Amino acid sequence: MPERIGLVGVGRMGANMARRLKDCGYEVSAIYDSNGATAESLGQELGCTAATDLRVVTKASDIIITVVSDDKAMKQIYGGGLLSRAKGKLFVNCATISPEVHVWVEAKAEKAGAQALEACMASSIPQARQGTLYLMCGGKPEAFERARPILEKLAATTKYIGGAGKAAEVKALVNMVMNINTAGLAEGLGLGHALGLDLAMLREVFSQTGANSRVLQTDGEDMQNREHSCFFSAAHAAKDSGIALKLGKAHGLNLPLAAATKKQYDRMIAAGLGELDKSGIAELTFKERAPMVKGEQASADKPGN
């Protein structure tokens, strides 16, 4: 009999994963979200239980997929009843969180007689719905093999990286480089705009030269048109850059580009732009767009400025 799937965290990514699994014939048994209205709406759509207690999700499911926002949220759900009567269950954790928390989750799960696997996602909302995610997995090989049939319904590529925390390390580097590329593209287009260059032409030249990147394809036109509907928020970019910087510091490495990029995303958050897509970093680099942020206003108001 196919394993029953529960999901914790059914924002846009988690909800689309649930829809995809339902389409593929899996029983989505129960869902939970910190926003009860979100869970209730999706539960009605999928015909499953919208739980208000994490223990209900675990009891109703064989495999529980979690898609939460950060380390704090991850610790809250694992300390808030998710591991109650969890023997024999498999927890697949898809959030972008620090590697040490993935290691902590695996230890907690094993103590409860359960298994845990990290399945870090390097794709966005449409790919979650289409089943074309790129998943990097970390944990015990047997946990990966158990999860593989389900993961292959969610992903175009499912790659096993190594033990607990290792996939999260790779994901941190993926997002660090992506964020740096995004900030660099915003500066290039912002300067091109200030020079009076045709930005469509400039993007085409970038695409045919060493300035090409995946970010140019996904974000370049949006930066030009100021279309920042959120697929990956600036707040998440700041968080993920911070994870990479913490890893670098732990290994005695200086990462000046990552540090500068995080400062830009922190500026977006301070300016109230944290929920814009990461492409919104262009709002800081295009002339006459840049918002005044807290601290900068104080400096601008000083006599002589």
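**Exercise 1.** In which helix do Glu-145 and Arg-148 both lie, and how many residues apart are they? Characterise their side-chain contact and their accessibility in this predicted model.

*Solution.*
Step 1. The helix is α7, where Glu-145 and Arg-148 are separated by 3 residues, about one turn of the helix.
Step 2. An α-helix has 3.6 residues a turn, so residues three or four places apart point the same way.
Step 3. The contact between the side chains of Glu-145 and Arg-148 is a salt bridge, with an N to O distance of 2.8 Å.
Step 4. Glu-145 has a relative accessibility of 44% and counts as partly exposed. Arg-148, at 28%, also counts as partly exposed.

**Exercise 2.** Determine which parts of the chain are linked by the salt bridge between Glu-283 and Arg-226, and classify both residues by accessibility.

*Solution.*
Step 1. The closest N and O atoms of Glu-283 and Arg-226 are 2.5 Å apart.
Step 2. Glu-283 is placed in the loop between α12 (256-270) and α13 (296-300), and Arg-226 in the loop between α10 (214-225) and α11 (234-250); this pair links distant parts of the chain, 57 residues apart.
Step 3. Glu-283 has a relative accessible area of 7%; the cut-off for a buried residue is under 20%, so Glu-283 is buried.
Step 4. Arg-226 is partly exposed, its relative accessible area being 47%.

**Exercise 3.** Locate the partners of the salt bridge between Glu-110 and Lys-140, and identify the network to which they belong.

*Solution.*
Step 1. A search of the whole structure yields 16 salt bridges. One of them joins Glu-110 to Lys-140, with 2.9 Å between the closest N and O atoms.
Step 2. Because Glu-110 belongs to helix α5 (residues 99-111) and Lys-140 to the loop between β7 (133-139) and α7 (141-154), the pair ties together parts 30 residues apart in sequence.
Step 3. Both partners are partly exposed: Glu-110 has a relative accessible area of 39%, and Lys-140 one of 32%.
Step 4. Through salt bridges that share partners, Glu-106, Glu-110 and Lys-140 are joined into one network.

**Exercise 4.** Derive the strand order of the open sheet of 8 strands, and describe the surroundings of strand β6.

*Solution.*
Step 1. The order is β3-β2-β1-β4-β5-β6-β7-β8, and the pairing is mixed.
Step 2. β3 (49-50) and β8 (155-162) stand at the edges; each has a single partner strand, so one side of each lacks a neighbour in the sheet.
Step 3. Strand β4 (residues 63-66) is parallel to β5, and 4 bridges pair them. Ile-63 has Leu-90 of β5 as its bridge partner.
Step 4. On to the next pair: β5 (residues 90-93) and β6 are parallel, again with 4 bridges, and Leu-90 is partnered by Gln-115 in β6.
Step 5. The elements β5, α5 and β6 constitute a right-handed β-α-β unit.
Step 6. β6 and β7 run antiparallel and are joined by 5 bridges; Cys-120 stands opposite Met-136, a residue of β7.
Step 7. Of the 7 residues of β6 (residues 115-121), 6 are buried, so the strand is largely enclosed by the rest of the structure.

**Exercise 5.** Compare the expected span of helix α8 with the distance between its end C-alpha atoms, and describe what follows the helix.

*Solution.*
Step 1. Helix α8 (residues 166-194) has 29 residues; at 1.5 Å a residue it should span 42 Å.
Step 2. The end C-alpha atoms are 42 Å apart, in agreement with that expectation.
Step 3. After α8 comes Gly-196, with a positive phi near 80 degrees.
Step 4. A nonpolar surface patch consists of Leu-191, Leu-195, Leu-197, Met-201 and Val-205, which together have about 450 Å² of accessible area.
Step 5. Within this patch, Met-201 lies in helix α9 (residues 199-207) and, at 38% relative accessibility, counts as partly exposed.

**Exercise 6.** Contrast the sequence separation of Lys-239 and Thr-96 with their separation in space.

*Solution.*
Step 1. Lys-239 is located in helix α11 and counts as partly exposed, at 23% relative accessibility.
Step 2. In sequence, Lys-239 and Thr-96 are 143 residues apart; in space, their C-alpha atoms are 9.1 Å apart.

Methods. Residues are numbered from 1 along each chain as its sequence is written. This is a predicted model: local features need pLDDT of at least 70, side-chain atom pairs count only at pLDDT 80 or more; totals for chains, interfaces and linings use all residues. Side-chain values use heavy atoms; hydrogens and water are left out. Helices (H or I, at least four residues) and strands (E, at least two) are DSSP runs, numbered from the N terminus. The expected span of a helix is 1.5 Å times one less than its number of residues. A salt bridge is a side-chain nitrogen of Lys or Arg within 4 Å of a carboxyl oxygen of Asp or Glu. Buried means under 20% relative accessible area, exposed over 50%, partly exposed in between (1.4 Å probe, protein chains only). Two strands pair if DSSP finds at least two bridges between them. A crossover is right-handed if, with the strands pointing away from the viewer, the path from the first strand over the helix to the second runs clockwise. Patches are made of residues with over 30% relative accessible area and no salt bridge: like charges are joined within 9 Å, nonpolar side chains (Val, Leu, Ile, Met, Phe, Trp, Tyr) within 5 Å. Accessible areas come from the Shrake-Rupley method with a 1.4 Å probe; for residues, only the protein chains shown count as cover.
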